[in-house]
Each structure stands twice: as structure tokens, then as C-alpha cells.
Amino acid sequence: MKNKKFIIKILEKASEPVSGESIAKKLGISRTAVWKNVQALKKEGYQIETTHKGYRLINSPNFIDEEILKKLPYKIYYFKKISSTMNVAKELGERGEEALVIAEIQTSGRGRLGRVWISPEGGIWMSLVIKPSFSLKEAFLLTYIASLAIGLAIKETTGLKIKLKWPNDVLYQKENEEKKLAGVLLEIKAEVDQLKYAVIGIGINVNNEINSFEPFAVSLKEILKKEIKREDLIIEIVRKIQKYLKMSSEKIISDWKKLSSTLGKAVKIIQPQREIRGLAFDLAEDGALLLKTKEGKIEKIYSGDCIHLRY
Ligand code: BTN
């Protein structure tokens, strides 16, 4: 681990290729060990050329700078590659820790409703594990808090027009088109009626490439035509979550409503057993989405996939 860091430092400073032998001497390791470390660095995304004179660093990947995140009041667990930040966060929650788990790449990222969440390098893939003094009934507020914090932080740091889709998608709106920039996955553990811990999983398409089979997704880089500094966004989101955690449910819901794209729209809600259509006209005090059906019936929706209809 340390050797890789030192090799990068040596190569960054050098204007000429550096021989394996001189690196080996500086670190007190064998030339084979240097070679092995260089191969590992290449796997992490460093572009290192091997010439007859030695190694030359061509390009460094743009990793998240852990040091900057230390400004936050949570312990940071940073991984280059992991199955899912949710798994680590849950283990920490079980141990009673509060922390922020971040990964550059997730190999088994999870989305809502059992979907796969594609998580290549360049995005923000993180899980915040917290122990809020919330009752089980209040847990729904966490999804509103998270999507609101992401939406506001993106809006403030980029100036883009951001909207929220019920229950917790962050959308970029351009004329009549809405595309998904980010999503939230909430997993909780409760004991009797109190939350033991909550894991707020946040996935944001920032500098990552979007797959062609995800036509409704977009990244900040695609919209802004430039890469953005992920650390600033992470810090802003976590600070906003902390701020909203101290606020009343009325304030959280009213701020969410201000950014909502769903309210006022005809929607289709898909649930395992049924599909309901209606006008999404408000959020209830308990967090449910209120729908008015064609027959004039009011339905309270607590979960499901929400699709905005264009009529
Ligand atoms: C959604 O379906 O919209 C929610 C997506 C949540 C993805 C994030 S990325 C970080 C964390 N780890 C996961 O495996 N999922 C969440």
C-alpha cells in the first residue's frame, strides 16, 4: 500500500523515466516487487509507460481526495473498488459506528426495487451510516432529506435546474425532458420502534460515462461539458443532510415539495400487486404521496415505482 504511494510520488516528481532499480533502492524492495506494484497501479487506472530507461507516469486517474473529506465530522472509509458501499456501511451500523463509506468503483452496486446500479469510475457512490433518534415511523423522512440534500447541493454548486421525483430521484430538467442524475437507497435497522441505524446510499452520475442502455440517465459531466470536483459536492451533501436531520418534518416536506417535479403531474405507480394512475397532488404529513384517481378517489402511496406521464 505504502509502496504504491511512494512509487507514484517518485514518478510524479521525475521528468525522465525512472529505472526499476533506482526505485527498488529508494524503497528498499526488490525490482520484482517494484514491477508488481506498477502492475497494481496500472489496474487502478494509472497510465505508466515502461521504456528501456524505466517507468514513466503518463496520467493519473482523478481519484477522490480523502484528505479533503476529513473536514466532515464522520469517519471516512474509502475504497478504490468494492462490491457495494451499502454492505460495508451496514457492518459499521451493526458495530454502532457512524461513518461515510465511499468507493471509486462498485462491482455490485444496488438500486431501489432490487435493481442493479452501475457504478464505474468517476461517479459518487457513497453510503452514510447514521444513528438518528428517529422512530420507525419517521424513517421515511430520511429519503426526502437525502434527495433534497443532493438536489440542493447540485443546484448550488453547478447552477443547474434540478428537480426531485418521488420518492427519491434527482432529475435534471431541460425543457420538457427529465433525466436521472442521482438516486437514493435507504436501508434501516430498527429495534422495537426506534431506529438502530440507517444507511443512506447515494449514487450520483458525476464524471462517469453513462451506458447507452440507460437512455434516461445523465451525468453532470455530460451536461456541463467538463469534469467537476467530487469532493466539494460530497461535503455539501453531507452538510445539508446534517442540517435537515435537525429540522422538523414539516420543514423537510415543504422544502422537498418546492423542488418536486412529481407534484402536479399525472403519474403511474407500479407496485408488486397493482398499478395505479392518478394526479399526484400533494404529500401527506406521514410522507405518503397523495394521488387523485380518475374516479375521484384519493389514494395514499407509500412505496412503488413512480412514472411521470405526459398527458
Ligand atoms: C436508485 O435506485 O435510484 C438508488 C441508487 C442508489 C445507488 C447507491 S451508490 C452507493 C450505494 N451503494 C449501492 O450499492 N447503492 C447505493
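In this report, a residue counts as buried under 20% relative accessible area, as exposed over 50%, and as partly exposed in between. By that standard Glu94 is partly exposed, because its relative accessible area is 39%. The structure described here is a predicted model.

**Salt bridges**

Side chains of opposite charge can pair when their charged atoms come close. A search of the whole structure finds 25 salt bridges. Three of the pairs are described below, beginning with the one that involves Glu94.

Glu94 meets the side chain of Lys189 in a salt bridge, with an N to O distance of 2.8 Å. This pair links distant parts of the chain: Lys189 belongs to strand β8 (residues 177-191) and Glu94 to helix α5 (residues 85-94), with the two positions 95 residues apart in numbering. Lys189 is partly exposed at 29% relative accessibility, and Glu94, at 39%, is also partly exposed.

A further salt bridge joins Glu156 and Lys240, whose closest N and O atoms are 2.8 Å apart. Here two helices are connected, since Glu156 lies in α6 (residues 140-158) and Lys240 in α8 (residues 230-245), 84 residues apart. Glu156 is exposed, with a relative accessible area of 53%, whereas Lys240 is buried, with a relative accessible area of 8%. The value for Lys240 falls under the 20% cut-off, and Lys240 therefore counts as buried.

Glu44 forms a salt bridge with Lys80, and the closest N and O atoms of this pair are 3.8 Å apart. The link runs from helix α3 (residues 31-44), which holds Glu44, to strand β3 (residues 75-82), which holds Lys80; the two residues are 36 residues apart. Both partners are partly exposed: Glu44 has a relative accessible area of 22%, and Lys80 has a relative accessibility of 29%. Glu44 and Lys80 also belong to a network of salt bridges that includes Lys4.

| Pair | N to O distance | Separation in the chain |
|---|---|---|
| Glu44 and Lys80 | 3.8 Å | 36 residues |
| Lys189 and Glu94 | 2.8 Å | 95 residues |
| Glu156 and Lys240 | 2.8 Å | 84 residues |

**Packing of α1 against α3**

Lys4 and Glu44 also appear in a helix contact. Helix α1 (residues 2-13) packs with α3 at an angle of about 85°, and the axes are 10 Å apart. The two helices are therefore roughly perpendicular to each other. On the α1 side, the contact is made by Asn3, Lys4, Ile7 and Ile8; on the α3 side, by Val34, Asn37, Val38, Ala40, Leu41 and Glu44. The residues of this contact divide into 6 nonpolar, 2 polar and 2 charged.

**Backbone features in loops**

Most residues other than glycine have a negative phi, and most peptide bonds are trans. Three loop positions depart from these tendencies.

The peptide bond from Trp166 to Pro167 is cis, with omega near -5°. Pro167 lies in the loop between β6 (162-165) and β7 (169-174).

Leu113 is not a glycine, yet has a positive phi of about 55°. The loop that contains Leu113 lies between β4 (99-106) and β5 (124-130).

Lys225, likewise not a glycine, has a positive phi of about 60°. Lys225 occupies the loop between α7 (220-224) and α8. With a relative accessible area of 71%, Lys225 is exposed.

Key: Residues numbered from 1 in each chain as written. Predicted model: local features only at pLDDT ≥ 70, side-chain atom pairs only at ≥ 80, totals over all residues. Heavy atoms only, no water. Salt bridge = Lys/Arg side-chain N within 4 Å of Asp/Glu carboxyl O. Helix = DSSP H or I, 4+ residues; strand = E, 2+ residues; numbered from the N terminus. Buried < 20%, exposed > 50% of the residue type's maximum accessible area, 1.4 Å probe, protein only. Axes fitted to C-alpha atoms, helices over the stretch in contact; angles between N-to-C directions. Parallel < 35°, antiparallel > 145°, perpendicular 65-115°, else oblique. Contact = heavy atoms within 4.5 Å. Nonpolar A, V, L, I, M, F, W, Y, C, P; charged D, E, K, R; others polar.
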